[in-house]
Amino acid sequence: MVDLFLNRVLVENNWDQDELNTEREITGILENRILLLFFASAECDKCQEFLSPLNDFFKRLKDPSYIEYPKLLALIYISLDQSEEQQERFLKELHKKVLFLAFEDPYRKELQAMFKVRDIPTIVVLRPDGSVLSPNAVPDICHFGSDCFRNWQESAELIERSFMLNEEFENLNLRSASDPLRRLKYKTEDDKKKTRWWKSLGKGKDGNEEEEEKDGMWDTKKKEGDKGTWRRR
C-alpha cells in the first residue's frame with residue numbers, strides 16, 4: 001500500500017501544509033496502516049453532508065483528545081474539485097491530520113480510474129498490503145461510526161502494538177516512547193543468540209567427548225599391537 005504513494009507528494013492539512021515527499025516520510029505515515037482514500041468535491045451536496053460524520057469518525061480514532069493511542073489509520077483526500085479554490089475550501093472543513101494530493105497533481109485522476117470511482121462521496125478502504133477491503137465505506141461510516149475500524153482491523157489482521165506499552169513502561173527508565181518496542185526486539189534477538197550459543201557449546205562438548213573416545217580406542221589398539229609384536233619376538 002505504501003508503494004501506491006512512493007515518488008508522490010502528500011500534503012498535511014495543517015496550517016503550514018507540510019509536504020511529505022521522501023520514501024522515509026511516506027513509509028512512516030502509511031506503513032502498517034489501514035488507508036482511506038476519500039474521493040469528494042466541494043460542489044457536491046452529498047459530500048458536504050458527509051463531512052460531519054466523517055470528521056467525527058476520524059477524530060475518535062486519531063485525535064489524542066479522544067483516544068489515548070491513535071489507531072493505525074490514514075485518511076487521504078483525493079480531490080475531484082474543478083478548481084484549487086474549491087479544494088482549499090473543502091480542506092478547511094476536514095480534520096487537520098488528513099493528508100491530500102496537491103490540486104495540480106494528475107495522480108488524482110489516475111487513482112479515480114484505478115479504483116473505478118464513479119459516484120461521490122466515496123471512501124475506498126485499503127489493507128496494509130494494498131488490497132481493497134471496501135470499495136465504498138461511506139454508508140458504513142454513516143451508520144456505524146468509528147466501530148467500522150474494529151471490523152476492518154480484524155479483516156486486515158492488523159495488530160495494535162500499543163497494548164505492550166503499559167506493561168513495558170513500568171519499572172523501566174525509558175529514553176523514548178518507542179524504547180519498549182526496541183527493548184522487546186533486542187531481547188528477542190539476544191534470546192536467539194543465547195540459544196545458538198548454547199547449541200554450539202553442546203556440539204563442542206559432544207565433539208570433545210567423541211574425540212576422547214577415539215583417542216582411547218587408538219591407545220588400546222596401539223597397546224594391543226605392541227603386545228602382539230612383543231609376542232612375535
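Which residues form a negative surface patch? In this predicted model, the patch is made by Asp16, Asp18, Glu19, Glu84, Glu85 and Glu104. Take Glu85 as a starting point: look for this residue in helix α3, which covers residues 84-91. With a relative accessibility of 57%, Glu85 counts as exposed, because the cut-off for that word is over 50%.

Stay in helix α3 and you will meet Arg89, whose side chain forms a salt bridge with Glu43 at 2.9 Å from N to O. This pair joins distant parts of the chain, since Glu43 lies in the loop between β3 (34-40) and α2 (45-62), 46 residues from Arg89. Arg89 itself is partly exposed, at 39%.

The whole structure holds 3 salt bridges. Another one pairs Asp105 with Arg8, with the closest N and O atoms 3.9 Å apart. Here, too, distant parts are linked: Asp105 sits in the loop between β5 (99-101) and α4 (107-114), while Arg8 belongs to the segment before β1 (10-12), 97 residues away. Asp105 is buried at 14%, whereas Arg8 is partly exposed at 25%.

Now find Arg60 and Asp56, whose side chains meet in a salt bridge of 3.1 Å. Both are in helix α2, and because they are 4 residues apart, about one helical turn separates them. Arg60 is partly exposed at 40%, and so is Asp56 at 28%.

What about the cysteines? Cys44 is buried at 13%, and Cys47 is buried at 0%. The disulfide count is 0.

Finally, visit Gln153 in helix α6 (residues 147-156). Gln153 is buried, with a relative accessible area of 14%. Its C-alpha atom is 9.7 Å from that of Lys71, although the two residues are 82 apart along the chain.

Note on methods:
Residues numbered from 1 in each chain as written. Predicted model: local features only at pLDDT ≥ 70, side-chain atom pairs only at ≥ 80, totals over all residues. Heavy atoms only, no water. Helix = DSSP H or I, 4+ residues; strand = E, 2+ residues; numbered from the N terminus. Buried < 20%, exposed > 50% of the residue type's maximum accessible area, 1.4 Å probe, protein only. Disulfide = S-S within 2.5 Å. Patch = residues over 30% accessible without salt bridge, like charges linked within 9 Å, V, L, I, M, F, W, Y side chains within 5 Å. Areas by Shrake-Rupley, 256 points an atom, 1.4 Å probe, with all protein chains shown as cover. Salt bridge = Lys/Arg side-chain N within 4 Å of Asp/Glu carboxyl O. Lys, Arg positive; Asp, Glu negative; His and termini not counted. Charge placed at Lys NZ, Arg CZ, Asp CG, Glu CD.
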